[in-house]
Amino acid sequence: MSSGHVQSLSSDELRELYRSLILDHAKNPRHFGKLDTATHTSEGINPLCGDKLRLQLEVDAEHRIRDAAFEGTGCAISVASASLLTETIIGLHEDEALAWFDDVTSHLTGTSDANGRDLGKLQALGGVRDFPARVKCATLAWHALRSAIENTDEPVSTE
Ligand code: ZN
């Protein structure tokens, strides 16, 4: 079920809020650009939609993500998802970020209820479940995150 502060909203209101949140992040993406201090970089492409992004992380010796940034081009969903991702993972340990990967991707693909985690703003992306072609737009940045942390040099593709 939804978290405490949104319980009194109707599903229409909630959908409208989610829509504005996604549009806001798509128009004004957070942490957009290059990261000079990057220690990890990965690229993701979603050929189905034409989304392309590069995600960069600065990870310290204790495996904590000090900073993150992304750049690229894509649809509103892919950009908003990457923007929300950077906000979520900065300050986290790599293992915590990977746990977010699991919970968010299972939420977006509808395979589980995010293991019971309150996804906060990331709930907004859940609307893609009604549009299967958009699921890959929303998960692209998250796959790039896993790839960056695991330091695989292969670009991630959703196809
Ligand atoms: Zn897309």
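At what angle do α2 and helix α4 pack, and how far apart are their axes? The legends below answer this and tour other parts of this predicted model.

**View 1. Helix α2 packs against helix α4.** Two packed helices are described by the angle between their axes and the distance between the axes. Here, α2 and α4 (residues 132-150) meet at an angle of about 35°, and their axes are 8 Å apart. The crossing of these two helices is right-handed. On the α2 side, the residues in contact include Ile-77, Ala-82, Leu-85 and Ile-89, while those on the α4 side include Arg-134, Ala-138, Trp-142 and Leu-145. Sorted by class, the contact of α2 with α4 has nine nonpolar, three polar and one charged residues.

**View 2. Cysteines and an aspartate hold the zinc ion.** Look for the sulfur (SG) atoms of Cys-49, Cys-75 and Cys-137, which coordinate the zinc ion together with OD atoms of Asp-51, at 2.2 to 2.6 Å. Along the chain, these donors follow the spacing C-x1-D-x23-C-x61-C. Cys-49 and Cys-75 link distant parts of the chain, 26 residues apart. Cys-49 sits in the loop between β1 (40-46) and β2 (51-59), and Cys-75 in the loop between β3 (65-73) and α2 (76-89). Are these two cysteines buried or exposed? Cys-75 counts as buried because its relative accessibility is 16%, below the cut-off of 20%. Cys-49 is partly exposed, with a relative accessible area of 32%. Cys-137 also appears in View 1, as one of the α4 residues that meet α2.

**View 3. Four strands form an open sheet.** Follow the strands in the order β3-β2-β1-β4, and you will find mixed pairing. Why do β3 and β4 (156-157) each have one side without a neighbour in the sheet? Both stand at the edges with a single partner strand, so one side of each is left free of a neighbouring strand. Inside the sheet, β1 and β2 pair in the antiparallel sense over seven bridges. As an example, His-40 has Leu-57 in β2 as its bridge partner. In a regular strand the side chains alternate between the two faces of the sheet.

**View 4. Helices α2 and α4 also touch the sheet.** Helix α2 packs on the sheet, where it touches β2 and β3, and its direction makes about 170° with that of β3. Helix α4 lies across β1, β2, β3 and β4, and runs at about 150° to β1.

**View 5. Strands β2 and β3 form a hairpin.** These strands run antiparallel and are joined by eight bridges. Within the pair, Leu-55 stands opposite Phe-70 in β3. Five residues lie between the two strands, and His-63 is found in the turn.

**View 6. Two histidines have a positive phi.** Most residues other than glycine have a negative phi, and most peptide bonds are trans. His-63 has a positive phi of about 65° although it is not a glycine. Its relative accessible area is 40%, so His-63 is partly exposed. His-31 has a phi near 55°, again a positive value in a residue other than glycine. You can find His-31 in the loop between α1 (11-27) and β1, where it counts as partly exposed at 35% relative accessibility.

Technical notes
Residues numbered from 1 in each chain as written. Predicted model: local features only at pLDDT ≥ 70, side-chain atom pairs only at ≥ 80, totals over all residues. Heavy atoms only, no water. Donors = N, O, S within 2.8 Å, 3.2 Å for Na, K, Ca; no water. Buried < 20%, exposed > 50% of the residue type's maximum accessible area, 1.4 Å probe, protein only. Pairing = 2+ DSSP bridges. Axes fitted to C-alpha atoms, helices over the stretch in contact; angles between N-to-C directions. Left-handed = near helix turned anticlockwise from the far one by under 90°. Contact = heavy atoms within 4.5 Å. Nonpolar A, V, L, I, M, F, W, Y, C, P; charged D, E, K, R; others polar.
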